[in-house]
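Colleague: I'm new to this model and would love a guided look at one part of it. Could you take me through a single helix and then show me what lies around it?

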Amino acid sequence: MVMCQGGEAVAAPAAAGKEPEVPLSQEDGVGTGQPCLCPAAGMEAAGAEERRVCGCCSGLSWPRCCKAPGTKKKAACPGLGLFYTVLSAFLFSVASLLLKKIEDVHSVEVSAFRCVFQMAFVLPGLIYYKTGFLGPKSKRIFLFFRGLLGSSAMILLYYAYQVMPLADATVITFTSPVFTSLLACIFLKEKCSVWDLVFSLFAFTGVILIARPPFLFGSKVAGIEGSYTEHLKGTIAAIASTVSAASTIVILRKVGKSVHYFLSIWYYAVIGLIGCVIALFVMNEWRLPYCGKDRVFLILIGVLGLGGQIFLTKALQIEKAGPVAIMRTMDVVFAFILQILFLNHLPTWWTVGGALCVVASSSGTAIRKWRQSLRKAKQNEI
């Protein structure tokens with residue numbers, strides 16, 4: 001036998017033809033300083049190759065052990081998750097800019113194209129993982145509402161992007177963490193503290209500064225696109241989109257890990273596409289873009305939106321949710337920059353003040369949740 005230096009647990013050999021045993025947990029003696037035993041080269045047991053699990057490399061079987069002779073432990077790239085987050089925010093912002101550039105295409109039709117791209121991406125994953133297309137019977141009602149609310153959030157957000165300044169709509173969407181905390185307190189019985197109320201007040205103030213209702217700011221409202229009526233409709237649509245998105249997060253928390261995330265996205269795309277097609281025929285808005293440029297923009301919106309989701313998912317896989325949520329506020333920065341450079345629309349100081357309030361609210365909520373998760377992790381270690 002060969003002693004693996006720095007091991008944290010002793011694993012028993014697995015029987016022939018069976019999977020290796022799971023490494024001992026912390027309650028079973030991890031961290032007691034006992035060495036990890038790995039088989040020496042060429043050693044065999046009962047005529048079969050002996051396989052053991054090394055606790056120092058998260059359960060990898062020897063000789064893939066990070067401490068085995070001739071192996072090197074792969075170094076993690078610091079900041080890679082945050083880089084993925086910034087890249088995701090940039091892709092989402094460019095997709096929103098292209099949506100503003102599209103002419104004579106209704107937001108519902110753009111949402112339908114987005115759903116088609118989602119379905120094309122998810123379908124191979126469903127087949128590969130053999131998850132089925134309906135999911136467990138006990139979870140179908142949750143998946144249905146997840147798809148309905150998620151697709152509604154997308155349609156409402158696209159409408160808001162089309163009728164109001166890009167930066168204004170983007171800022172309002174960042175009130176989502178506040179609404180998520182409030183809905184979780186109501187439906188999931190999570191604790192709601194004074195800080196949640198403070199952050200909610202900041203978010204509400206930011207939305208008021210962006211909407212600028214005439215009864216507070218006078219009849220002449222500056223810095224809006226088109227009429228104030230359209231601006232107000234866009235604000236309401238953005239808020240409704242944010243509440244719908246927060247509701248989907250609460251539903252996903254309720255479902256937990258019992259349903260594959262590909263299946264969740266599948267419901268989102270299918271229900272969204274069905275709803276978009278019905279709405280387009282009712283409104284008589286279904287038509288292909290007349291301009292070839294708009295068709296290219298539609299394809300790019302689908303590709304960029306999908307790329308943004310992929311990089312955001314990868315960021316959450318390798319980085320804690322708190323830093324990712326804070327870094328996602330770069331979406332607001334990109335929205336301001338793109339609006340100034342490509343739309344020739346300078347934001348007003350009211351918009352900047354509203355953005356600061358909303359970013360402070362979402363960042364504060366993210367930091368608070370992050371600290372809570374770290375505190376729970378330390379308690380579990382003890």
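Which residues are buried in α6?

Modeller: Happy to walk you through it. This is a predicted model, where local features need pLDDT of at least 70 and side-chain atom pairs count only at pLDDT 80 or more, while totals for chains, interfaces and linings use all residues. Residues are numbered from 1 along each chain as its sequence is written, and side-chain values use heavy atoms, with hydrogens and water left out.

Here is your answer: the buried residues of α6 are Asp196, Phe199, Ser200, Ala203, Gly206, Val207, Leu209, Ile210 and Ala211. Buried means under 20% relative accessible area, exposed means over 50%, and partly exposed lies in between (1.4 Å probe, protein chains only). Helix α6 covers residues 194–211. Its 18 residues reach 26 Å from the first C-alpha to the last, close to the 26 Å expected at 1.5 Å a residue (the expected span is 1.5 Å times one less than the number of residues). Just after α6 comes Arg212, with a positive phi near 50 degrees.

Now for the neighbours of α6. Helix α5 (residues 176–187) packs against α6 at an angle of about 140 degrees, with the axes 9 Å apart. Axes here are lines fitted to C-alpha atoms, for helices over the stretch in contact, and angles run from 0 to 180 degrees between N-to-C directions. That angle makes α5 oblique to α6; under 35 degrees counts as roughly parallel, over 145 as roughly antiparallel, 65 to 115 as roughly perpendicular, and the rest as oblique. The crossing of α5 past α6 is left-handed, meaning that the near helix is turned anticlockwise from the far one by less than a right angle, with clockwise being right-handed. On the α5 side, Val178, Ser181 and Leu182 make the contact, and on the α6 side Asp196, Phe199, Ser200 and Ala203 do (contact means heavy atoms within 4.5 Å). These residues divide into four nonpolar, two polar and one charged, where Ala, Val, Leu, Ile, Met, Phe, Trp, Tyr, Cys and Pro count as nonpolar, Asp, Glu, Lys and Arg as charged, and the others, Gly among them, as polar. Asp196, Phe199, Ser200 and Ala203 are also among the buried residues of α6.

Helix α8 (residues 228–255) is another partner: α6 and α8 pack at about 155 degrees, with their axes 10 Å apart. That makes α6 roughly antiparallel to α8, and their crossing is right-handed. Here Val207, Ile210 and Ala211 of α6 touch Tyr228, His231, Thr235 and Ile239 of α8. The contact has five nonpolar residues, two polar and no charged. Val207, Ile210 and Ala211 appear among the buried residues of α6 as well.

Stepping back, the protein has 13 helices and four strands, taken from DSSP runs (H or I, at least four residues, for helices; E, at least two, for strands) and numbered from the N terminus. Of its 382 residues, 42% count as buried. Among contacts between residues at least 6 apart in sequence, 80% join residues at least 24 apart.

Other helices help to put α6 in context. In α4 (residues 166–173), eight of the eight residues are buried, so this helix is largely enclosed by the rest of the structure. Elsewhere, α2 (residues 107–129) and α10 pack at about 50 degrees, with axes 9 Å apart; they are therefore oblique to each other, and their crossing is right-handed. Their contact includes Phe113 and Arg114 in α2 and Ile299 in α10, and its residues divide into ten nonpolar, four polar and one charged. Ile299 counts as partly exposed, at 48% relative accessibility. Its C-alpha is 8.4 Å from that of Arg114, although 185 residues separate the two in sequence.

Cys276, in helix α9 (residues 261–283), counts as buried at 0% relative accessibility. Leaving aside neighbours within four places in sequence, Cys276 is in contact with Val108, Ser111, Ala112 and Ile155.

One last stop recalls Arg212. Asn344, in the loop between α12 (330–342) and α13 (349–381), has a positive phi near 50 degrees and is a residue other than glycine. Most residues other than glycine have a negative phi. At 68% relative accessibility, Asn344 counts as exposed.
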